[in-house]
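Dear colleague,

Please find below the sequence and structure that I am handing over to you. My findings follow directly after them.

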Amino acid sequence: MARVTVEDCILEIPNRFDLVMIAGQRARDISAGGQLTIDRDNDKNPVVALREIADKTVDLGNLQEALVRGLQRVVEDDGPEDDDMSAIEADGGAAIEEAADALGMQIQSAKEDGAGAGFEDVDEEVLGREG
């Protein structure tokens, strides 16, 4: 077996840090049962991963995306989709009012109270009576 050197792989991935991260991802994929694209020749998974990168037999874009997904801890939620908002608007907010009623809450719009939207100051005495 010919020895794989970093110089063989640097032609494909010029940044050494990126090379280590992507080769590590490929080695983990192989350990998880990923299909080999070259003969193993009794090599361990990291060496096989480097040989695949040097021989251009793996898709580097897919490996990089898998690496990012594997390192990602928080997936941002953009909020309700347009379809969800359309459904809420279509029923005039009845679903929201039903949910609030089930929780024992009251929804009051700015139109109903005439004072505009916002919070109302409450005395501690009132809070003591409610609790």
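Among contacts in the protein between residues at least 6 apart in sequence, 42% join residues at least 24 apart. Two pairs of C-alpha atoms may serve as examples of separation along the chain and in space. Thr5 and Leu50 lie 45 residues apart along the chain, and their C-alpha atoms are separated by 8.3 Å. Thr5 belongs to the segment before α1, and it counts as partly exposed because its relative accessibility is 32%. For Glu97 and Ile107, which are 10 residues apart along the chain, the separation of the C-alpha atoms is 6.9 Å. Glu97 sits in helix α6, which spans residues 94-102; with a relative accessible area of 46%, Glu97 is partly exposed.

Please bear in mind that the model is predicted. Its mean pLDDT is 80, and 74% of the residues reach 70 or more. Among the elements, α2 has the highest mean pLDDT, at 94, while helix α7 (residues 110-113) has the lowest, at 54.

As to the overall make-up, the protein has eight helices and zero strands. Of its 131 residues, 18% count as buried.

The pair formed by α2 and α3 deserves a fuller description. Two packed helices are described by the angle between their axes and the distance between the axes. Here, the axes of α2 (residues 16-31) and α3 (residues 45-54) come within 8 Å and cross at roughly 120 degrees. That angle makes α2 oblique to α3. The crossing of the two helices is right-handed.

Which residues of α2 and α3 meet? On the side of α2 they are Leu19, Ile22, Ala23, Arg26, Ala27, Ile30 and Ser31. Their partners in α3 are Asn45, Pro46, Val48, Ala49, Leu50, Glu52 and Ile53. Sorted by class, this contact has 10 nonpolar, two polar and two charged residues.

Helix α3 may also be viewed through its buried residues, which are Asn45, Val48, Ala49, Arg51, Glu52 and Ile53. The cover over these buried residues includes α1 (6-10), α2 and α4 (60-71).

Finally, some backbone angles call for comment. Most residues other than glycine have a negative phi. Against that background, the loop between α2 and α3 holds Asp41, whose phi is positive, near 50 degrees. The same loop between α2 and α3 contains Asn42, with a positive phi near 60 degrees. Are these two residues buried or exposed? Asp41 counts as partly exposed because its relative accessibility is 45%, whereas Asn42, at 76% relative accessibility, counts as exposed. A further positive phi, of about 60 degrees, occurs at Lys56, just after α3.

When you open the model, the residues listed for α2 and α3 would be a convenient place to begin, followed by Asp41 and Asn42 in the loop between these helices.

With kind regards

Terms used: Residues numbered from 1 in each chain as written. Predicted model: local features only at pLDDT ≥ 70, side-chain atom pairs only at ≥ 80, totals over all residues. Heavy atoms only, no water. Axes fitted to C-alpha atoms, helices over the stretch in contact; angles between N-to-C directions. Helix = DSSP H or I, 4+ residues; strand = E, 2+ residues; numbered from the N terminus. Parallel < 35°, antiparallel > 145°, perpendicular 65-115°, else oblique. Left-handed = near helix turned anticlockwise from the far one by under 90°. Contact = heavy atoms within 4.5 Å. Nonpolar A, V, L, I, M, F, W, Y, C, P; charged D, E, K, R; others polar. pLDDT = per-residue confidence, 0-100. Buried < 20%, exposed > 50% of the residue type's maximum accessible area, 1.4 Å probe, protein only.
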